[in-house]
Amino acid sequence: MTRNLLIPYLAALVYLLLSARSDLKYRSIRPLYALLTAAAALPFNLLTGLYPPAELVYLLGGGAFLFLVSFASHSALGAGDCFVITACGFLIGFSEEIACMTSGFLLCAIWSISLLLRKKAGRKDTLPFLPFLFAGHLTVFTLNLIT
């Protein structure tokens, strides 16, 4: 892991931990905090050269795509989740966020399947996603530190 990526990753982990707590406790995420996080991350990452300015197009396009998925799935993926994922993308970059998000989806799928198999939840039950997103970020961060 490059030294430039360490501070944004730690900031993303702290932000995700606080957001996951809110998601678990209140089933609510404040979009204002996501916007403030993205607004703080943008100049830092552009000045440090963490990712090229053209990657902003990917981040904004990816965020818009997530909102379309949220709308099409009747909020199965909540708008707050979309805000948080996009804000974390502004912190660590598009490609890193894709890896973290994929890891979070995989962990959520494994947990969901285990709940279904143990008959602890049904098809219509919902789970807060941000704890899994936090675990996905932590997993990718740890793997980046090891390699």
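The paragraphs below lead through a predicted model, beginning with its helix α1 and moving on to two loops and two pockets.

Helix α1 spans residues 3-26 and includes L10, and A12 also lies in this helix. These two residues differ in their surroundings: L10 is partly exposed, with a relative accessible area of 41%, whereas A12, at 0% relative accessibility, counts as buried. The reasoning behind these two labels is simple, because buried means under 20% relative accessible area and exposed means over 50%, with partly exposed in between. L10 joins L6 and L145 in making a nonpolar surface patch of about 250 Å². A12, for its part, can be set beside T37, which is 25 residues away along the chain, and the C-alpha atoms of A12 and T37 are separated by 8.9 Å.

Past α1 the chain enters the loop between α1 and α2, the latter covering residues 31-48, and this loop holds R27. The backbone of R27 deserves a look, since its phi is near 55 degrees, a positive value in a residue other than glycine. A second residue of this kind is S75, whose phi, near 65 degrees, is likewise positive in a residue other than glycine. S75 is found in the loop between α3, residues 55-72, and α4.

Turning to the pockets, the largest one holds about 670 Å³ of space. Its lining is made of 25 residues, and those that lie nearest its centre are A76, D125, T126, L127 and P128. Helices α4, residues 79-92, and α5, residues 94-117, each supply at least two residues of this lining, and the largest share, six residues, comes from α5. Sorted by class, the lining of the largest pocket comprises twelve nonpolar, seven polar and six charged residues.

The second largest pocket, with about 230 Å³ of space, leads the reader back to helix α1, which gives the most to the lining of this pocket, with six residues. The residues that line the second largest pocket are Y15, L18, S19, R21, S22, Y26, S28, I29, R30 and Y33. By class they divide into five nonpolar, three polar and two charged. Helix α1 thus appears in several parts of this account: it contains L10, a member of the nonpolar surface patch with L6 and L145, it contains A12, which counts as buried, and it provides six residues to the lining of the second largest pocket.

Definitions and conventions: Residues numbered from 1 in each chain as written. Predicted model: local features only at pLDDT ≥ 70, side-chain atom pairs only at ≥ 80, totals over all residues. Heavy atoms only, no water. Patch = residues over 30% accessible without salt bridge, like charges linked within 9 Å, V, L, I, M, F, W, Y side chains within 5 Å. Areas by Shrake-Rupley, 256 points an atom, 1.4 Å probe, with all protein chains shown as cover. Salt bridge = Lys/Arg side-chain N within 4 Å of Asp/Glu carboxyl O. Helix = DSSP H or I, 4+ residues; strand = E, 2+ residues; numbered from the N terminus. Buried < 20%, exposed > 50% of the residue type's maximum accessible area, 1.4 Å probe, protein only. 1 Å grid on protein atoms, 1.4 Å probe; cavity = no way out; pocket = protein on both sides within 12 Å on 5 of 7 lines; lining within 4 Å. Points joined across faces, edges and corners; volume = space filled by probe spheres on them. Nonpolar A, V, L, I, M, F, W, Y, C, P; charged D, E, K, R; others polar.
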